[in-house]
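Subject: Structure handover and what was found in it

Dear colleague,

Please find below the structure that I am handing over to you. My notes follow it, arranged so that you can read them with the structure open beside you.

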Amino acid sequence: MADLLSDEEISNRLPDEWQRDGDEIVRVFEFDGYLDASGFLSAAAGLAEDAWHHPEMTITWGEVEVRLTTHDAGGITQNDIDLAERLNGIHD
């Protein structure tokens, strides 16, 4: 099991555009339409499966909200930060 990050570690490591929301980190990715958002969600699901780390993702027209936490650790770990950075890489 991964170790929880301290508040300071989370603040220092949080990738661009991500926000902390309690025991999760969250980002809303924006797109020009539903199909672009759907394509991102599909790519994000593939990255998550490869990392064996499965975020909560919500899709709406032109947006995908991603929430990351490490449930078995009870909060935010380096696994969440790593996946957030990978997700940024397929969007930005």
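In what order do the 4 strands of the open sheet stand? The model you have is a predicted one, and in it the strands are arranged as β1-β2-β4-β3, with antiparallel pairing. The edges of this sheet are formed by β1 (19–21) and β3, each of which pairs on one side only. On average, and with direction ignored, neighbouring strands are turned by 25 degrees against each other.

Going through the pairs of strands, β1 and β2 run antiparallel and are joined by 3 bridges, with Asp21 standing opposite Glu24 in β2. The hairpin of these two strands has 2 residues between them, and Gly22 takes a positive phi near 65 degrees there. Between β2 and β4, which also run antiparallel, there are 6 bridges; Val28 has Glu65 of β4 as its bridge partner, and Phe29 has Val64 of β4. Strand β3 (residues 56–60) is joined to β4 by 5 bridges, again in an antiparallel sense, and here Glu56 is partnered with Arg67 of β4. The hairpin of β3 and β4 likewise has 2 residues between the strands, and in this hairpin Gly62 takes a positive phi near 80 degrees.

Turning to the helices, α2 lies across β2, β3 and β4, and its direction is at about 165 degrees to that of β3. Helix α3 packs on the sheet as well, where it touches β2 and β4, and its direction makes about 5 degrees with that of β2. The axes of α2 and α3 come within 10 Å and cross at roughly 150 degrees, and the crossing in which α2 passes α3 is right-handed. If you would like to look at the residues that meet there, they are Phe40, Ala43, Ala44, Leu47, Ala48 and Ala51 on the side of α2, and Leu83, Arg86, Leu87, Ile90 and His91 on the side of α3.

The largest nonpolar core has 19 residues, and those with the most contacts inside it are Trp18, Ile25, Phe29, Phe40, Val66, Leu68 and Leu87. Two or more residues are given to this core by each of β2 (24–30), α2 (34–51), β4 (63–68) and α3 (78–91), with α2 giving the most, namely 5 residues. As a general point, nonpolar side chains in soluble globular proteins tend to be buried together. Phe40 is a useful residue on which to centre the view: leaving aside its neighbours within four places in sequence, Phe40 is in contact with Phe29, Phe31, Val64, Val66, Leu87, Ile90 and His91.

Two arginines deserve a separate word. Strand β2 is mostly covered, since 5 of its 7 residues are buried, and Arg27 lies in this strand. Is Arg27 buried or exposed? Its relative accessible area is 7%, and because buried means under 20%, Arg27 counts as buried. The side chain of Arg27 is joined to that of Asn88 by a polar contact of 2.5 Å. As for Leu47, which is 20 residues away from Arg27 along the chain, the C-alpha atoms of the two residues are separated by 16 Å.

The other arginine is Arg67, which is found in strand β4. With a relative accessible area of 17%, Arg67 also falls under the 20% limit and is therefore buried. Which residues does Arg67 touch, not counting those up to four places away in sequence? They are Asp21, Glu24, Ile25, Val26, Pro55 and Glu56, and of these Glu56 is also the residue whose bridge partner in β4 is Arg67. In addition, a polar contact of 3.3 Å joins the side chain of Arg67 to that of Glu65.

With best wishes

Notes. Residues are numbered from 1 along each chain as its sequence is written. This is a predicted model: local features need pLDDT of at least 70, side-chain atom pairs count only at pLDDT 80 or more; totals for chains, interfaces and linings use all residues. Side-chain values use heavy atoms; hydrogens and water are left out. A nonpolar core is a set of buried Ala, Val, Leu, Ile, Met, Phe, Trp, Tyr and Cys residues joined through side-chain atoms within 4.5 Å. Buried means under 20% relative accessible area, exposed over 50%, partly exposed in between (1.4 Å probe, protein chains only). Contact means heavy atoms within 4.5 Å. Two strands pair if DSSP finds at least two bridges between them. A polar contact is a pair of N or O atoms within 3.5 Å; within protein, one must be able to donate a hydrogen and the other to accept it, and residues adjacent in sequence count only if both atoms are side-chain atoms. Axes are lines fitted to C-alpha atoms, for helices over the stretch in contact, and angles run from 0 to 180 degrees between N-to-C directions. A crossing is left-handed if the near helix is turned anticlockwise from the far one by less than a right angle, and right-handed if clockwise.
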